[in-house]
Amino acid sequence: MKFLCLHGKGTSAEIFEMQTEGFRNLLPEHFSYEFLEGEKEVAPAPGIAKVFPGPYMSYLTDYSVGSIEEQHQYIMDIVAEEGPFDGIMGFSQGASLAASILLHHQIEKPWLPPPFRVAIFLCATYAHSRTTVDGEDVTHKVPTNELPSRRTSTDSGYSSEEDSAKDSIRVLYANSTKARIQIPTAHLYGENDSYLHESLEVLDLCDPRLALEFKHKGGHEVPMDMTSNKKIHDIIATTCERGETFS
């Protein structure tokens, strides 16, 4: 199994590699992982700077339709150049992007095989849309500091309605799209995670017959204790076994 791995906002590919080392060491030796670095330098995620040195990176600085579309292209270019990949694994923002890519495949090209055979979602946040028609427009709910810069500028620079729509923010909720991720998935989330409801929303966007989940005692993090790592190993191993039948 070859995995493409997407880190969370305010961390890095190297940090994500260290965060997942515990359970990856329990998985088969022939599994391989490519950790893709985000291109945008940002402030560290809460608590990260005390443990890991920078720089701290992100795939996105906002979740606008245009930004999501851009990052989908960035990730799928890597898949085309360095794939194929059997699975995709993401934490937080990385899991959000992974879910978004898989959902848009189901929305746009359901007759084709998915780009991955399995997906591992670690503390996933909402999956966002890369189009101006899919999902629910939540732009009005987003804090000003998380909006695209043109939306907060006195001179927006918009040349058309389409241009403005690209800066809207749309979430793929389970009740706003009929699409469901149709590959085996594993879902890890913390019972004290402030984003727990977002992880569960991503879970609801997956085929329940193919989804496995593990709720740990912590927050927005990958647990490091051996008991948790063994349980994470178990659901990923089972998910990968199921994925062997997908092409």
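Here a visitor asks how certain descriptions of this predicted model are justified, and a guide answers.

Visitor: What should I keep in mind about a predicted model?

Guide: In this predicted model, local features need pLDDT of at least 70 and side-chain atom pairs count only at pLDDT 80 or more, while totals for chains, interfaces and linings use all residues. Residues are numbered from 1 along each chain as its sequence is written, and side-chain values use heavy atoms, with hydrogens and water left out.

Visitor: Why is H105 called buried or exposed?

Guide: A residue is buried under 20% relative accessible area, exposed over 50% and partly exposed in between, with a 1.4 Å probe and protein chains only. H105 has 12% relative accessibility, and therefore it counts as buried. This residue has its place in helix α4, where helices (H or I, at least four residues) and strands (E, at least two) are DSSP runs numbered from the N terminus.

Visitor: What does H105 touch?

Guide: Contact means heavy atoms within 4.5 Å. Not counting residues up to four places away in sequence, H105 touches P110, L112, P113, P114 and P115.

Visitor: What makes the approach of H105 to the backbone oxygen of L112 a polar contact?

Guide: A polar contact is a pair of N or O atoms within 3.5 Å; within protein, one must be able to donate a hydrogen and the other to accept it, and residues adjacent in sequence count only if both atoms are side-chain atoms. A polar atom of the H105 side chain lies 2.8 Å from the backbone oxygen of L112.

Visitor: How do you know whether the length of α4 agrees with what its 16 residues should span?

Guide: The expected span of a helix is 1.5 Å times one less than its number of residues. For the 16 residues of α4 this should be 22 Å, and because its end C-alpha atoms are 22 Å apart, the two agree. Helix α4 is also mostly covered, since 14 of its 16 residues are buried.

Visitor: Why is H128 called buried?

Guide: H128 has a relative accessible area of 9%, and so it is buried. Unlike a residue of a helix, H128 lies in the loop between β6 and β7 (136–137). A polar atom of its side chain lies 3.1 Å from the backbone oxygen of Y126, and, leaving aside neighbours within four places in sequence, H128 is in contact with residues including Y63, S96, H104 and R170.

Visitor: What makes a set of residues a nonpolar core, and which members of the largest one touch the most others?

Guide: A nonpolar core is a set of buried Ala, Val, Leu, Ile, Met, Phe, Trp, Tyr and Cys residues joined through side-chain atoms within 4.5 Å. The largest has 40 residues, of which L4 and F121 touch the most other members. The elements β1, α3 (65–82), α4 (93–108) and β6 each supply at least two residues of this core, and its largest share, seven residues, comes from α4.

Visitor: How do you know which strands form the edges of the open sheet?

Guide: Two strands pair if DSSP finds at least two bridges between them. The open sheet has six strands in the order β2-β1-β5-β6-β9-β10, with parallel pairing, and β2 (32–36) and β10 are the edge strands, each pairing on one side only. Within the sheet, β1 and β5 (residues 87–91) pair in the parallel sense over four bridges, and L4 stands opposite I88 in β5.
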